[in-house]
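Let's take a walk through a protein together. Have a look at the sequence and the 3D picture, and then we'll go piece by piece.

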Amino acid sequence: KYKKDNVAIEDQILAVQIQTGKFIQMEKELESIKNGETTVSPLPMYDNSRMIMNELNDILGLTMEYEVEFGKIEEDQDSNIVRRNVRIFFKTDSYNVVKSILTQVNYGEYRCVIKDLDISQNSGLYHADVDITYFEYKE
């Protein structure tokens with residue numbers, strides 16, 4: 001029971017660390033833009049699903065087993081922003097690999113937000129279920 005509780009607490013800590021890292025990155029980008037040091041990198045053009053899939057295949061290659069599901073696409077007609085929902089499931093024998101994968105997804109080439117994260121441990125294996133939203137631009 002204590003081991004499962006520890007895994008749940010570690011999940012929460014990891015999720016907060018990833019979100020904090022993303023916020024810090026965004027704050028640095030905004031400060032850099034305000035200072036005229038850089039411009040915002042553009043969102044990829046719609047339909048970027050093949051490139052996202054290639055990136056996820058590379059990242060998830062560290063796992064024992066994985067699945068990628070592309071879900072509902074949400075379009076904002078006012079801003080031309082498309083939100084592509086993706087769910088990944090993977091299995092690995094190392095918590096460090098779980099952290100590495102989540103970090104690589106979070107700071108990958110394509111802008112995204114990790115919306116939900118569930119990590120469990122069973123028979124020495126870590127099972128992760130991650131909901132991600134990728135952002136694209138549609139003219």
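What pattern does the protein follow when you read along the sequence? Going from start to end, you get α-α-β-β-α-β-β. Tallied up, that comes to 3 helices and 4 strands. Keep in mind as you look that this is a predicted model.

Now for the bigger picture. The protein has 139 residues, and buried ones make up 32% of them. If you take the contacts between residues at least 6 apart in sequence, 64% of those join residues at least 24 apart. For one pair that sits far apart in the chain, try Glu-109 and Met-51: 58 residues separate them in sequence, yet their C-alpha atoms are 9.5 Å apart in space.

Next, go inside. In soluble globular proteins, nonpolar side chains tend to be buried together. In this model, the largest nonpolar core has 25 residues. Which of them touch the most other members? Those are Ile-88, Leu-102, Val-105, Ile-119, Val-130 and Tyr-134. Several parts of the chain feed into this core: α1 (2-34), α2 (49-60), β2 (81-92), α3 (95-106), β3 (112-122) and β4 (125-137) each supply at least two residues. The biggest giver is α3, with 6 residues.

Let's stay with α3 and see how it sits against α2. The axes of these two helices come within 10 Å and cross at roughly 160°. An angle over 145 degrees counts as roughly antiparallel, so α2 is roughly antiparallel to α3. The crossing of α2 and α3 is right-handed. Where they meet, α2 brings Leu-56, Ile-59 and Leu-60, while α3 brings Ile-101, Gln-104 and Val-105. Sort the residues of this contact by type and you find 5 nonpolar, 1 polar and no charged. You may recognise Val-105 from the list of residues that touch the most other core members.

There is another residue in α2 to look at: Glu-55. Is Glu-55 buried or exposed? Its relative accessibility is 13%, and the cut-off for buried is under 20%, so Glu-55 counts as buried. Who keeps it company? Leaving aside neighbours within four places in sequence, Glu-55 is in contact with Gly-108, Glu-109, Tyr-110 and Tyr-134. One of these, Tyr-134, also turned up in the core. Another, Glu-109, lies in the loop between α3 and β3. Compare the two glutamates: Glu-55 is buried, whereas Glu-109 counts as exposed, at 61% relative accessibility.

Finally, let's visit some spots in the other loops. Between Tyr-46 and Asp-47 there is a cis peptide bond, with omega about 5°. Asp-47 belongs to the loop between α1 and α2. Further along, in the loop between β1 (65-76) and β2, you'll meet Asn-80. Its phi is near 65°, a positive value in a residue other than glycine. Ser-123 also has a positive phi, near 55°, and is likewise a residue other than glycine. You'll find Ser-123 in the loop between β3 and β4. How do these two sit relative to the surface? Asn-80 is partly exposed, with a relative accessible area of 27%, while Ser-123 is exposed, at 71%.

Conventions
Residues are numbered from 1 along each chain as its sequence is written. This is a predicted model: local features need pLDDT of at least 70, side-chain atom pairs count only at pLDDT 80 or more; totals for chains, interfaces and linings use all residues. Side-chain values use heavy atoms; hydrogens and water are left out. A nonpolar core is a set of buried Ala, Val, Leu, Ile, Met, Phe, Trp, Tyr and Cys residues joined through side-chain atoms within 4.5 Å. Buried means under 20% relative accessible area, exposed over 50%, partly exposed in between (1.4 Å probe, protein chains only). Axes are lines fitted to C-alpha atoms, for helices over the stretch in contact, and angles run from 0 to 180 degrees between N-to-C directions. Angles under 35 degrees count as roughly parallel, over 145 as roughly antiparallel, 65 to 115 as roughly perpendicular and the rest as oblique. A crossing is left-handed if the near helix is turned anticlockwise from the far one by less than a right angle, and right-handed if clockwise. Contact means heavy atoms within 4.5 Å. Ala, Val, Leu, Ile, Met, Phe, Trp, Tyr, Cys and Pro count as nonpolar, Asp, Glu, Lys and Arg as charged, and the others, Gly among them, as polar.
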